[in-house]
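I am opening a page for this structure and noting what I look up, one entry at a time. I want to begin with charged side chains and then turn to how helices pack.

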Amino acid sequence: MECGHCCNYSWVDFVFTVLGIGTFLFDLGADFWVAAEFYLQGDYHWFGIVLSFVFVSSALLQMFSWFWFKYDTELENFKPRTTTETLLLANGGRCDRLKLLHIFQLGFFLRYVTAIEQGFHVWWKKRNEPGHVIYLTHDLSMLRLFETFSESTPQLTLMIYIIIHNNKAETFQWVSITACFISIAWMVLEYHRSLRFFLPEKSKLGCSSSIVYFLWNLLLIAPRVGAVALFTSVFPPYIALHFLLLWAALLLWAWAQHTDFMDSGPGEWLYRAMVALIWYFSWFNVAEGGTMGRSLIYHTFMAVDSSILLGTWYWYRDPIVTDHYVLPLLLALLVSYLLGLLLKTIYYKLFHPKIWQPLFQAGEDVPDNLVYRSLSPTDALPSVINKRMGALANSFYFSSSMQTGGKTNGIEINAIM
């Protein structure tokens, strides 16, 4: 595989990083606006729930960011690359300063500031090699994924439930729904960009693959959010019990898959807890081998669970209030789910390249998400190399059942390394 494509950092990458912090701040601002409106209206219950989503999500992000920073700064060849990093991390006591920043919930913003500063130097001033900023942006992609499913998706579910419960929608609620949708959409787009980044140049995918990937993810997330919101509208106290029971079962499933993402035992359990939270809303592959079987089990189980939630809502709903939209709503959720599955099948049949030789030779396959903690495996001038290098590309694209050589989707793939 040619090195050049993995080492490029263009103005598009820089703009994506800037827009990333923009979408995050818009979502955060909408959350605080919603919380303020609920407080002023005397809805202290909703006020507390909205703020709990924000602060719990922020605490989770800071913990992941701290674990990663702590590991990175302990690497032998780690050194500050930007003015921000130099001020905060140079000389002694850098871990103490980092810890303080994360306690004050500023670690995530530090990552964005350093990524934007480093990206500007790489793209505009051509001063530095791009390996470091690529490393930073991949970490940010994973953190945005965590933020989306720990805050934006639950917040979207809550807003839909409140609208159904009150049978009306106010302006700030629509703004919140818009912000959550943008956050989810951005996460899906960034996730696929990171996946495509690790493909060899001759296996690069076109925009059509991103569009299909984007659509099937949103079409599968939407009915799940709708099912949870509708069930909550008839049994508000029981949704917490439902979530805890299902989350615990999914946590055990994550543990059974022997994930190895973090660099410590406590960090690994934190990661598994996050994976279980993501699985409550959407599929996310975390281990090598047997992906199709696990995906089939997951979608079957979640389809049954969502059907039970929707059936319960239909049985206990207020027919006077809901009769005029119940059938179109249920039909829309069903069509969205089936269309999402169809587009997912189309993506894997027509667009998804199967690399017939691992992108990263590490003795064994690695899970699809771990690459976010790494540089490209072909980065010519890496400043910090993470042991999880190449993990996402291996799991998402590498097909161990194929023999080396041949064609996939009309693309010849031979001797990638």
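**Entries on salt bridges and helix packing**

I looked up Asp305 and found that it forms a salt bridge with Arg224, with 2.7 Å between the closest N and O atoms. Asp305 belongs to helix 12 (residues 291–316) and Arg224 to helix 9 (residues 207–234), so this pair ties together parts that lie 81 residues apart in sequence. I then checked accessibility, and both Asp305 and Arg224 are buried. I keep in mind throughout that this is a predicted model.

How many salt bridges does the structure hold? I note four, and I followed up two others besides the one above.

My next entry concerns Asp139, which forms a salt bridge with Arg111, the closest N and O atoms being 3.2 Å apart. This pair, too, links distant parts of the chain, since Asp139 sits in helix 7 (residues 131–166) and Arg111 in helix 6 (residues 107–123), 28 residues apart. Are these two side chains buried or exposed? Asp139 has 0% relative accessibility and therefore counts as buried, and Arg111, at 1%, counts as buried as well.

I then turned to Glu147 and Arg144, whose side chains meet in a salt bridge with an N to O distance of 3.6 Å. Because Glu147 and Arg144 are three residues apart in helix 7, about one helical turn separates them. Glu147 counts as buried at 3% relative accessibility, and Arg144 counts as buried at 5%.

For the last entries I returned to helix 9 and asked how it packs with helix 14. Two packed helices are described by the angle between their axes and the distance between the axes, and I looked up both values. Helix 9 and helix 14 (residues 326–351) pack at an angle of about 150°, and their axes are 8 Å apart. With that angle, helix 9 is roughly antiparallel to helix 14. I also recorded that the crossing of helix 9 and helix 14 is left-handed.

Which residues meet there? On the helix 9 side I listed several, including Val212, Tyr213, Leu215, Trp216, Leu219 and Pro223, while the helix 14 side has among its residues Leu333, Tyr337, Leu341, Lys344, Tyr348 and Phe351. Sorted by character, the residues in the contact of helix 9 with helix 14 come to 18 nonpolar, four polar and one charged.

How values were computed:
Residues are numbered from 1 along each chain as its sequence is written. This is a predicted model: local features need pLDDT of at least 70, side-chain atom pairs count only at pLDDT 80 or more; totals for chains, interfaces and linings use all residues. Side-chain values use heavy atoms; hydrogens and water are left out. Helices (H or I, at least four residues) and strands (E, at least two) are DSSP runs, numbered from the N terminus. Buried means under 20% relative accessible area, exposed over 50%, partly exposed in between (1.4 Å probe, protein chains only). Axes are lines fitted to C-alpha atoms, for helices over the stretch in contact, and angles run from 0 to 180 degrees between N-to-C directions. Angles under 35 degrees count as roughly parallel, over 145 as roughly antiparallel, 65 to 115 as roughly perpendicular and the rest as oblique. A crossing is left-handed if the near helix is turned anticlockwise from the far one by less than a right angle, and right-handed if clockwise. Contact means heavy atoms within 4.5 Å. Ala, Val, Leu, Ile, Met, Phe, Trp, Tyr, Cys and Pro count as nonpolar, Asp, Glu, Lys and Arg as charged, and the others, Gly among them, as polar.
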